[in-house]
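Here's a quick walk through the model, one region at a time. Keep the viewer open while you read.

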Amino acid sequence: MNWKNIITRAVLTFLQAGLAVLVVTGVENLDSLEALKPAGIAAVAALLSFVYNVVNQMVKKEGV
């Protein structure tokens, strides 16, 4: 399993999702708790990307 590739994809997904949510929502005050929502959404997207890629690599390895 290529962990470096999987982690790289998850980090890139986190950054892309976080930036996209910040651009769309236009968070004005980065000191508030409102600023944590985009980070949370990006973290969920990165987690889903990580899980998807791990499962995908396992399926390819087993040849299912």
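## Thr8

Let's begin with Thr8, which is partly exposed because its relative accessible area is 39%, in between the 20% and 50% cut-offs. Keep in mind that this is a predicted model. Thr8 sits in helix 1. Look across from there and you'll find Phe50: the two are 42 residues apart in sequence, while their C-alpha atoms are 9.2 Å apart in space.

## The overall picture

Zooming out, the secondary structure of the protein chain is easy to list: two helices and zero strands. The protein chain has 64 residues, and 19% of them are buried. Its accessible surface comes to about 4,900 Å², with carbon and sulfur atoms accounting for 69% of that.

How do the contacts spread along the sequence? If you take contacts between residues at least 6 apart in sequence, 76% of them join residues at least 24 apart.

## Helix 1

Helix 1 runs over residues 3-25. Does its length add up or fall short? With 23 residues at 1.5 Å a residue, helix 1 should span 33 Å, and its end C-alpha atoms are 33 Å apart, so the two figures agree.

Which residues of helix 1 are buried? They are Ile6, Ala10, Ala17, Gly18 and Val21. These buried residues pack against helix 2. Just after helix 1 comes Gly26, which takes a positive phi of about 60°.

## Val21 and its partners

Val21, in helix 1, is worth a stop of its own. It counts as buried because its relative accessible area is 15%, under the 20% cut-off. Setting aside residues up to four places away in sequence, Val21 touches Gly26, Pro38 and Ile41.

Of those partners, Gly26 is the residue with the positive phi just after helix 1. Pro38 is one of the buried residues of helix 2. Val21 and Pro38 are 17 residues apart in sequence, yet C-alpha to C-alpha they are 5.5 Å apart in space.

## Helix 2

Helix 2 covers residues 36-62. The same length check works here: 27 residues at 1.5 Å a residue should span 39 Å, and the end C-alpha atoms of helix 2 are 39 Å apart, so this one agrees too.

On the inside of helix 2, the buried residues are Pro38, Ala42, Ala46, Ser49, Asn53 and Val54. Helix 1 is included in what covers them. Once helix 2 is over, Gly63 follows with a positive phi of about 70°.

## Asn53

Asn53 belongs to helix 2. Why does it count as buried? Its relative accessibility is 6%, which puts Asn53 under the 20% cut-off. Leaving out neighbours within four places in sequence, Asn53 is in contact with Ile6 and Arg9. Ile6 is itself among the buried residues of helix 1.

## The cavity

Now for the empty space: the structure holds one cavity of 30 Å³ or more. The largest cavity has a volume of about 40 Å³. What lines it? The lining is made up of Asn5, Ile6, Arg9, Asn53, Asn56 and Gln57, so to speak a familiar cast by now.

Helix 1 and helix 2 each supply at least two residues of that lining. Sorted by class, the lining of the largest cavity has one nonpolar, four polar and one charged residues. Asn53 and its two contact partners, Ile6 and Arg9, appear in the lining.

## Met1, at the start of the chain

Last stop: Met1, found in the segment before helix 1. Is Met1 buried, exposed or in between? At 43% relative accessibility, Met1 counts as partly exposed, because that value falls between 20% and 50%.

Leaving aside residues up to four places away in sequence, Met1 touches Ile6, Val54, Gln57 and Met58. Ile6 and Gln57 also turn up in the lining of the largest cavity, while Val54 is one of the buried residues of helix 2. For Met1 and Gln57, the C-alpha atoms are separated by 6.2 Å, although the residues are 56 apart along the chain.

Terms used: Residues numbered from 1 in each chain as written. Predicted model: local features only at pLDDT ≥ 70, side-chain atom pairs only at ≥ 80, totals over all residues. Heavy atoms only, no water. Helix = DSSP H or I, 4+ residues; strand = E, 2+ residues; numbered from the N terminus. Buried < 20%, exposed > 50% of the residue type's maximum accessible area, 1.4 Å probe, protein only. Contact = heavy atoms within 4.5 Å. 1 Å grid on protein atoms, 1.4 Å probe; cavity = no way out; pocket = protein on both sides within 12 Å on 5 of 7 lines; lining within 4 Å. Points joined across faces, edges and corners; volume = space filled by probe spheres on them. Nonpolar A, V, L, I, M, F, W, Y, C, P; charged D, E, K, R; others polar. Areas by Shrake-Rupley, 256 points an atom, 1.4 Å probe, with all protein chains shown as cover. Expected span 1.5 Å × (residues − 1).
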